[in-house]
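Visitor: Hello! I am new to protein structures, so could you show me around this one, step by step?

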Amino acid sequence: MLLLKIFLIFLAVLIGLFLLWAVGMKIISRLGDYFHFAGPCPASLGWIVDNPLRKRYMRPILDRTGIQPGERVLELGPGPGAFTIEAARRVGPGGKLTAVDIQPEMIAKVKQRVKESGLTNIKTHVASAYELPLPDASVDRAFVITVMAEIPDKLHALAELRRVLRPGGVLSVTEEFLDPDYPFAGETIRRAEKAGFRLTKRHGNFWLYTINFTK
Ligand SMILES: C[S@@+](CC[C@H](N)C(=O)[O-])C[C@H]1O[C@@H](n2cnc3c(N)ncnc32)[C@H](O)[C@@H]1O
């Protein structure tokens, strides 16, 4: 009986913590967005997005982005670079991957990974999504994984992504429910369409989705 009680208390605490993370944090994040104090996830929390479990379930995301050998690909908001090296391997030596993050500490982590990988087709930049350090129409494909919600002026960032994509280029947006500032797919689609993108493919489900748009 006592064991059952302890188990039930433990279960209740677990469910409470999950609800706090999955729902409470989202409410706080929505308020942040509304009052314009959304901002980048602190670099000191980079380990949260960079854990082996997440990498396993997120790996198919790179398949969904549709990266092809030889492409010029932009990764906006790589964080510590959990997907950067694999994405660069997919574009191969004939392609190029540019990783842009607003936080120097995140780019330092990406650079360390690039060095260890020995790959030479990756460029990194510390820059804002509002001012991408790339010429007009110079990118075939851009992908953003759990980033858009951290950007206060999302339409501005989308317009900038549209500027650097070539006509027919692809923007791939991935969001996961466990991210405290997860946006619903409908919001992602409405915003991208408002910025002039055309929806081409929807992958995944409520918990983890990737939506591809074309310029
Ligand atoms: C939650 S992390 C996601 C990292 C990575 N995409 C992943 O899924 O593992 C979001 C990243 O976006 C970056 N970011 C947020 N706002 C940005 C902005 N306005 N311009 C460029 N990068 C930004 C943050 O610095 C952070 O590294």
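Visitor: Let me begin with two strands. How many bridges join β1 to β4?
Guide: Helices (H or I, at least four residues) and strands (E, at least two) are DSSP runs, numbered from the N terminus. Two strands pair if DSSP finds at least two bridges between them. β1 and β4 run parallel, and the number of bridges joining them is 4.

Visitor: Thanks! What kind of model are we looking at?
Guide: Residues are numbered from 1 along each chain as its sequence is written, and side-chain values use heavy atoms, with hydrogens and water left out. Local features need pLDDT of at least 70, side-chain atom pairs count only at pLDDT 80 or more, and totals for chains, interfaces and linings use all residues, since this is a predicted model.

Visitor: Which residue of β4 stands opposite L76?
Guide: The parallel pairing of β1 with β4 is the place to look. There, the residue opposite L76 is V144.

Visitor: And which residue in β5 does V144 face?
Guide: Strand β4 (residues 139-145) is also joined to β5, by 6 bridges, and these two strands run parallel. In β5, the residue opposite V144 is V173.

Visitor: Which helix does the chain pass through on the way from β4 to β5?
Guide: This β-α-β crossover is right-handed. That word applies if, with the strands pointing away from the viewer, the path from the first strand over the helix to the second runs clockwise. The helix on the way, residues 154-164, is α6.

Visitor: How many residues of β5 are buried?
Guide: Buried means under 20% relative accessible area, exposed over 50%, and partly exposed in between (1.4 Å probe, protein chains only). Strand β5 covers residues 165-176, and the rest of the structure largely encloses this strand, because its buried residues number 9 of the 12.

Visitor: Does β5 have another neighbour? Which residue in β7 stands opposite L171?
Guide: Yes, 7 bridges join β5 to strand β7 (residues 208-214), and here the strands run antiparallel. Opposite L171 in β7 is F213.

Visitor: Back to β1. Which residue in β2 is the bridge partner of L74?
Guide: Strand β1 (residues 72-76) is mostly covered, with 4 of its 5 residues buried. It is joined to strand β2 (residues 96-101) by 5 bridges, and the two run parallel. Together with helix α4 (residues 84-91), β1 and β2 make a right-handed β-α-β unit. The partner of L74 is T98.

Visitor: I see a ligand too. Which residues come nearest to the ligand?
Guide: A residue is near a molecule or strand if one of its heavy atoms lies within 4 Å of it. By class, the shell has 12 nonpolar, 5 polar and 3 charged residues. Here Ala, Val, Leu, Ile, Met, Phe, Trp, Tyr, Cys and Pro count as nonpolar, Asp, Glu, Lys and Arg as charged, and the others, Gly among them, as polar. Of the 20 residues around the ligand, those that come nearest are R54, G77, D101, Q103 and I145.

Visitor: How much of the ligand does the protein cover?
Guide: An oxygen atom of the ligand is 2.8 Å from an N or O atom in the side chain of R54, while a ligand nitrogen is 2.8 Å from a polar backbone atom of G77. Accessible areas come from the Shrake-Rupley method with a 1.4 Å probe, and for residues only the protein chains shown count as cover. Of the 600 Å² of accessible area that the ligand has on its own, the covered part is 98%.

Visitor: Which residue's side chain makes a polar contact with the side chain of R141?
Guide: R141 is in strand β4 and counts as buried, at 10% relative accessibility. A polar contact is a pair of N or O atoms within 3.5 Å; within protein, one must be able to donate a hydrogen and the other to accept it, and residues adjacent in sequence count only if both atoms are side-chain atoms. The side chain of R141 reaches the backbone oxygen of G66 at 3.1 Å. Its side-chain partner, at 2.7 Å, is E71.

Visitor: One last stop: is T146 buried or exposed?
Guide: T146 lies in the loop between β4 and α6 and has a positive phi of about 50 degrees although it is not a glycine. With a relative accessible area of 12%, T146 is buried.
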